Amino acid sequence: MFHGVIERTDTSDIIVVGCGTSGAVVAGRLVEAGLRVTVVEAGPDYRSYGDGGWPADLLDARALPQTHDWGYVGRGAGGQQLAFERARVIGGCSAHNGCVQIPGWRGDYDAWAASGCPGWSGEELRPMFARSSERLRLRQFAPDEIQPFHRGFLEAAVAAGIPRTDDLGDLDGEIGCGPEPMNVVAGVRWNTAFAYVDPVRDRRELTIVADAVVDRVLVAGGRATGVRAWVDGQPRELRADLVVLCAGAYGTPEILLRSGIGPAADLREHHIEVQADLPAVGANLHDHPASQLEFAATERLGPELELFARTRWLPEEQTLAKIASPAAAGPFDLHVYPWVEPDEAQPTRWKCVVPVGLLTPKSRGRLRLRSADPAVRADVDHAYLAEPADLAALASGIRWALQVVRQPEMAAYLGPPLQFPPDLRDDALEAWIRSTHTHIWHPAGTCRMGSDPAQGAVVDPLGRVHGIPGLHVADASVFPRLPRATPALAVAMIGERIADLILEPRPG
Ligand SMILES: Cc1cc2nc3c(=O)[nH]c(=O)nc-3n(C[C@H](O)[C@H](O)[C@H](O)COP(=O)(O)OP(=O)(O)OC[C@H]3O[C@@H](n4cnc5c(N)ncnc54)[C@H](O)[C@@H]3O)c2cc1C
């Protein structure tokens with residue numbers, strides 16, 4: 001029996017759950033169109049950028065922040081414990097990510113369209129990518145803005161056979177290495193809340209309920225009617241005509257499952273009343289797995305970086321190479337994205353990392369509830385590298401990275417190895433990758449978009465949850481398959497497109 005507060009029955013057209021990378025886009029676009037929107041976000045709202053209240057680590061785009069994390073953890077292929085960081089703050093992961101904005105390869109979106117998602121081909125999505133790129137103020141580093149370590153990487157990558165490009169954002173691009181397009185404005189991580197929410201913050205159509213964890217979607221007569229959230233330790237019910245879930249690839253399936261929308265047998269195990277038996281909620285979980293070489297820096301690197309920082313902005317990560325494994329189905333299937341980071345444990349106080357990420361993983365895992373309690377995080381089983389092809393592709397990427405680190409332009413900065421395969425024979429290399437791999441923080445696919453729930457779809461190509469009118473999903477969970485991209489721009493694009501689809505007049 002519910003004893004909390006019921007409110008806002010007549011003031012909101014739409015509730016957006018999660019004001020993260022895509023939620024900020026959806027909310028901003030719908031308010032701009034004149035709809036009354038209530039945003040419910042589990043993390044804090046630091047107001048607009050101009051108000052000056054944002055924590056320094058979330059603004060500073062030189063390095064990844066270590067705060068505002070949801071605390072998901074799980075296992076890698078070798079049983080190693082891995083953290084699955086997700087931001088709990090307005091702006092979501094766009095407020096603490098690496099700011100690299102590479103939209104991927106057109107063919108991956110064409111494959112979405114061909115797999116039961118009409119309207120989602122690369123050509124059709126170009127305008128939405130262009131809009132989000134403009135809002136996020138994407139820019140490309142000029143040659144004299146590239147810091148010494150990254151200049152060395154680009155020269156070494158070219159020497160190892162990868163052509164130089166100045167347009168890693170080209171949807172038709174092939175293999176190549178170059179500076180990363182980034183959403184950084186004067187050193188500030190330009191998150192989607194700045195880009196989309198700040199311009200409408202003062203509009204009376206927008207209400208932001210922050211520090212509010214959504215427990216579940218309210219369903220009456222088979223239709224979504226609002227959400228139940230915990231605010232200041234108290235349950236609150238909020239009502240609207242439409243609910244849009246934008247809680248991310250882990251948060252959105254958690255909410256659906258707690259709402260009784262998911263595999264019926266699993267729901268009954270947790271004594272949750274079934275509203276819709278959708279077996280694919282939580283399935284199709286995938287990420288870009290990564291394997292990395294690490295080195296202490298040589299004496300040369302620190303002074304060169306310090307000299308550069310006197311006149312230029314000094315990011316840790318700045319360049320990337322798209323390369324192809326022998327089995328790549330498409331122009332490339334691996335990203336190599338080196339960085340440097342301060343490390344007091346090293347005599348030179350710097351560490352260099354050369355990671356390889358697999359963009360077309362075949363392995364699929366699953367997210368399952370551990371409890372119906374919204375304070376308990378789900379069991380996240382990525383099943384990383386379960387498919388042998390994933391391991392083979394990463395191994396070929398590591399072999400290319402080994403060529404790059406031997407080039408004099410890179411070797412000049414790389415001192416004693418800190419993480420390095422001890423034996424390069426195939427079996428030994430693969431065993432080393434299994435036990436040391438990480439990921440690129442790109443979980444997706446847990447509420448997959450498609451036309452047919454019997455074929456694993458959770459939402460239809462308009463973003464509507466199959467079988468529950470009044471409920472949409474718009475975030476990384478709807479990706480049928482990760483594009484060979486850094487996904488944040490594709491997530492913002494999804495926000496743009498689903499906002500358009502919600503606004504489009506439709507019969508019925
Ligand atoms: C450390 C890190 C570095 C990354 N670097 C890059 C990069 O450089 N380039 C790139 O393209 N991608 C990068 N990514 C990935 C990218 O940021 C994500 O794929 C993308 O931002 C996901 O967007 P989303 O909208 O699906 O989810 P999110 O941005 O995670 O938004 C979900 C929002 O929902 C809220 N929420 C969740 N559950 C609830 C609930 N129950 N009630 C209320 N609110 C809730 C969360 O607090 C959050 O604000 C990185 C990710 C991480 C973690």
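1. Helices here are DSSP runs of H or I that hold at least four residues, and they are numbered from the N terminus. In that numbering, Ser22 belongs to helix α1. The model is a predicted one, and what follows should be read with that in mind. Ser22 counts as buried because its relative accessibility is 2%, where buried means under 20%. Beyond its neighbours within four places in sequence, Ser22 is in contact with Cys246, Ala474, Asp475, Val491 and Gly495.

2. The surroundings of the ligand deserve attention next. The ligand is surrounded by 36 residues, of which Thr21, Glu41, Val100, Val214 and Ala488 are the closest. Sorted by class, this shell holds 19 nonpolar, 11 polar and 6 charged residues. Four elements each supply at least two residues of the shell, namely α1 (21-32), β10 (212-220), α7 (248-258) and α13 (488-503).

3. Which atoms of Thr21, side chain or backbone, lie 2.6 Å from an oxygen atom of the ligand? An N or O atom in the side chain of Thr21 is the partner at that distance. For Ala42, by contrast, a backbone N or O atom lies 3.1 Å from a nitrogen atom of the ligand. Ala87 also takes part through a backbone N or O atom, which is 3.4 Å from an oxygen atom of the ligand. Taken alone, the ligand exposes 1000 Å², and the protein buries 96% of that.

4. The nonpolar interior can be described through a few of its members. In soluble globular proteins, nonpolar side chains tend to be buried together. In this model the largest nonpolar core has 160 residues, and Trp120, Leu471 and Met493 are those with the most contacts inside it. Leaving aside neighbours within four places in sequence, Leu471 is in contact with ten residues' worth of partners listed here in part, among them Val217, Leu242, Val243, Leu245, Leu256 and Ile261. The contacts of Leu471 also include Gly463, Arg464 and Val465.

5. Leu367 is placed in strand β21, which covers residues 366-368. Leu367 counts as buried because its relative accessibility is 1%. Its contacts, apart from neighbours within four places in sequence, include Ala249, Tyr250, Pro253, Glu254 and Leu257, as well as Gly282, Leu285, Ala378, Asp379 and Val380. Leu367 and His382 stand 15 residues apart in sequence, and their C-alpha atoms are 7.9 Å apart in space.

6. Two further strand residues can be read side by side. Ile323 lies in strand β17 (residues 319-323), and at 3% relative accessibility Ile323 counts as buried. Not counting residues up to four places away in sequence, Ile323 touches Ile162, Ile175, Phe332, Asp333, Leu334, Val336, Gly397 and Trp400. The C-alpha atoms of Ile323 and Met449 are separated by 28 Å, with their positions 126 residues apart along the chain. Val353 is found in strand β20 (residues 350-358), and Val353 counts as buried at 1% relative accessibility. Leaving aside neighbours within four places in sequence, Val353 is in contact with Gln292, Leu293, Glu294, Pro338, Trp339 and Glu341, while Val353 and Ala389, 36 residues apart in sequence, are 24 Å apart from C-alpha to C-alpha.

7. Is Ala195, in helix α6, buried or exposed? Ala195 is buried, with a relative accessible area of 5%, and its helix α6 spans residues 192-197. Outside its neighbours within four places in sequence, Ala195 is in contact with Arg135, Leu136 and Trp190. Ala195 and Ser48 are 147 residues apart along the chain, and 10.0 Å separates their C-alpha atoms.

8. Two loop residues merit a check of their backbone geometry. Asp232 sits in the loop between β11 (223-231) and β12 (234-239), and its phi is near 50 degrees, a positive value in a residue other than glycine. Asp232 is exposed, because its relative accessible area is 72% and exposed means over 50%. His271 is found in the loop between α8 (264-269) and β15 (276-277), and the phi of His271, near 55 degrees, is likewise a positive value in a residue other than glycine. At 75% relative accessibility, His271 counts as exposed.

Note on methods:
Residues numbered from 1 in each chain as written. Predicted model: local features only at pLDDT ≥ 70, side-chain atom pairs only at ≥ 80, totals over all residues. Heavy atoms only, no water. Near = heavy atom within 4 Å. Polar contact = N/O pair within 3.5 Å; in protein donor to acceptor, adjacent residues only side chain to side chain. Areas by Shrake-Rupley, 256 points an atom, 1.4 Å probe, with all protein chains shown as cover. Nonpolar A, V, L, I, M, F, W, Y, C, P; charged D, E, K, R; others polar. Buried < 20%, exposed > 50% of the residue type's maximum accessible area, 1.4 Å probe, protein only. Contact = heavy atoms within 4.5 Å. Core = buried A, V, L, I, M, F, W, Y, C linked by side-chain atoms within 4.5 Å.
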